[in-house]
Amino acid sequence: MAQHKASTGNHVKPGNKPAPKAKPREPFNLNRFLKTLGPGLITGASDDDPSGIGTYSQAGAQLGYGIGWTMLFTFPLMAAIQEISARVGRVSGHGISGNVCRHYPLWLLNIVVTLLFVANTINIAADLGAMADAATLLVGGHAILYVLFFGVTSVAAQIFLDYKRYVSVLKWLTLSLFAYVAALGFARISWGEALAGIFIPRLSWSDSYFTTIVAIFGTTISPYLFFWQASQEAEDQRIDARKQPLIEKHYGARREFSRIRADTLVGMAFSNLIALSIIITAAATLHAAGRTDIQTSAQAAEALRPIAGPFAEAIFALGIVGTGLLAIPVLAGSTAYAVGEGRRWPVGLARKPKEAAAFYAVLALSAGFGIALNFTPINPISALYWSAVINGVLAVPVMVLLMFMARRHDVMGRYVITGPLYWLGWLSTVAMLLSVFAMGVGWLLGAV
């Protein structure tokens, strides 16, 4: 009788194990989701640095609402190339420079790293100059003192703050970019025209129009962003004892790729939303008032006062300072990662200064040169043009290298990039190549 009772119930054939019950799907938790955001969110937010704000302000001031379509167009392109960068870092356990030094000639690595160092240093100088001008607008004082304060503070935070706390600070700094969404509330916007400008491209066959398009592409798809996100994925993997490069430990790859995609899409969407807000604000105020001569982000903030009121000016200026504090560490950090990984030094913001002295020395040197440029007769804003040229030229070979890396089995193992993401990555590369070609043609025509 006992045997009969024991045999009743769910009957399992000998040799067959009962199928495990599927775990119930956890409900969406906003707090848990926000904690998973990191490299992608910070990368996207740092794309809207003060020099980028100047570019978007100039675009909106010169061309009005009609240039808004560029943000919709560039979103899938930048999201694809950034996701590929992140996957390379997470799968291989090395950033872009670390993979180049292992699989490509040394001369190629040296050219790429040198160009990145020069472009990032000039960009840091321009961002510090814009932040100083914005701080002067807000509270007065001498701009050069603000250059020193912001530059030294950014470097000291990277060197001496605990890595997790530092990343948390960078995440909080992304909130400063909502200043540009708030600035929309002070402008009289024709939303019909604004939406038409986003969804219906209006091309103008003129040198100034295509120069602006090239500037937007160069600002939106920048090499330092590729290096930073790939290195941060590798860094996060190094400091988490539960993680290993996916090429060595395959478990959890699908979950990691889902996290990377969500993080990257949120970061890039956030970046383009802010950029679009800046364009629309400039179009509704500066362009509508005939102010098309805006050259810098600080000029844009100052020009808003008589048109949209002092609050709009203050919000715009605060955003410049906040996003600069976010962008300068990314610029200096991406330089240090590129140089350090290429030389196979111990690298990483999670390491103590004594453990990665050379890495931190490069970081401080890049920021130090950026500070010093503000003490020379060289106008950092003028120098930014050459930085854009270098960035544009550098982006193309780096993107080509990245796409080849993404298909190498000795880099990616079983996780080589395929399908729509792969082709979107190549489309982004071709778009960048065409923008550099257009920039070169415009440059030559202007010199004639």
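Lysine 243 is partly exposed, because its relative accessibility is 23% and the class covers values between the buried limit of under 20% relative accessible area and the exposed limit of over 50% (1.4 Å probe, protein chains only). The side chain of lysine 243 meets that of glutamate 256 in a salt bridge, with 3.6 Å from N to O. This pair links distant parts of the chain: lysine 243 belongs to the loop between helix 13 and helix 14, while glutamate 256 belongs to helix 14, 13 residues away. Glutamate 256 is buried, with a relative accessible area of 9%. A salt bridge here is a side-chain nitrogen of Lys or Arg within 4 Å of a carboxyl oxygen of Asp or Glu. Helices are DSSP runs (H or I, at least four residues) that are numbered from the N terminus.

The model is predicted: local features need pLDDT of at least 70 and side-chain atom pairs count only at pLDDT 80 or more, whereas totals for chains, interfaces and linings use all residues. Residues are numbered from 1 along each chain as its sequence is written, and side-chain values use heavy atoms, with hydrogens and water left out.

A search of the whole structure finds 11 salt bridges. One of them joins the side chains of arginine 259 and glutamate 233, at 2.9 Å from N to O. Arginine 259 lies in helix 14 (residues 253-287) and glutamate 233 in helix 13 (residues 223-239), so this salt bridge ties together parts that are 26 residues apart in sequence. Both partners can be examined for burial. Arginine 259 counts as buried at 17% relative accessibility, and glutamate 233 is buried with a relative accessible area of 2%.

A further salt bridge is formed by the side chains of glutamate 313 and arginine 305, at 2.8 Å from N to O. Here glutamate 313 is buried, with a relative accessible area of 6%, whereas arginine 305 is partly exposed, with a relative accessible area of 44%. Salt bridges that share partners also join Arg90, Glu233, Lys243, Glu256 and Arg259 into one network.

Helix 14 also holds leucine 273, which is partly exposed at 42% relative accessibility. Together with Trp172, Leu175, Phe178 and Val181, Leu273 forms a nonpolar patch on the surface, with about 490 Å² of accessible area together. Such a patch is made of residues with over 30% relative accessible area and no salt bridge, and its nonpolar side chains (Val, Leu, Ile, Met, Phe, Trp, Tyr) are joined within 5 Å; like charges, in patches of their own, are joined within 9 Å. The accessible areas come from the Shrake-Rupley method with a 1.4 Å probe, and for residues only the protein chains shown count as cover.

The next topic is the space inside the model. Rolling a probe the size of a water molecule over the atoms shows where empty space is left. A cavity is a set of points, on a 1 Å grid over the protein atoms alone, where a 1.4 Å probe fits but cannot get out; lining residues have an atom within 4 Å of a point. The search finds 1 cavity of 30 Å³ or more. The largest cavity has a volume of about 40 Å³, where volume is the space filled by probe spheres set on the points, and the points are joined across faces, edges and corners.

Which residues line the largest cavity? They are Ile96, Ser97, Val100, Leu109, Val112, Val113, Phe227, Val398 and Leu401. Helix 6 (96-103), helix 7 (106-139) and helix 18 (380-405) are the elements that give two or more residues to this lining. By class, the lining has 8 nonpolar, 1 polar and no charged residues. In this scheme Ala, Val, Leu, Ile, Met, Phe, Trp, Tyr, Cys and Pro count as nonpolar, Asp, Glu, Lys and Arg as charged, and the others, Gly among them, as polar.

Valine 113, one of the lining residues, lies in helix 7 and is buried, with a relative accessible area of 11%. Its C-alpha atom is separated by 9.5 Å from that of leucine 394, although the two residues are 281 residues apart along the chain.

Helix 16 offers further examples. Leucine 331 lies in helix 16 and is buried, with a relative accessible area of 0%. The C-alpha atoms of leucine 331 and serine 46 are separated by 8.6 Å, with their positions 285 residues apart along the chain counted as the distance apart. Phenylalanine 316 is also in helix 16 and counts as buried at 3% relative accessibility.

Technical notes
On a 1 Å grid over the protein atoms alone, a cavity is a set of points where a 1.4 Å probe fits but cannot get out, and a pocket is an open set with protein on both sides within 12 Å along at least five of seven lines; lining residues have an atom within 4 Å of a point.
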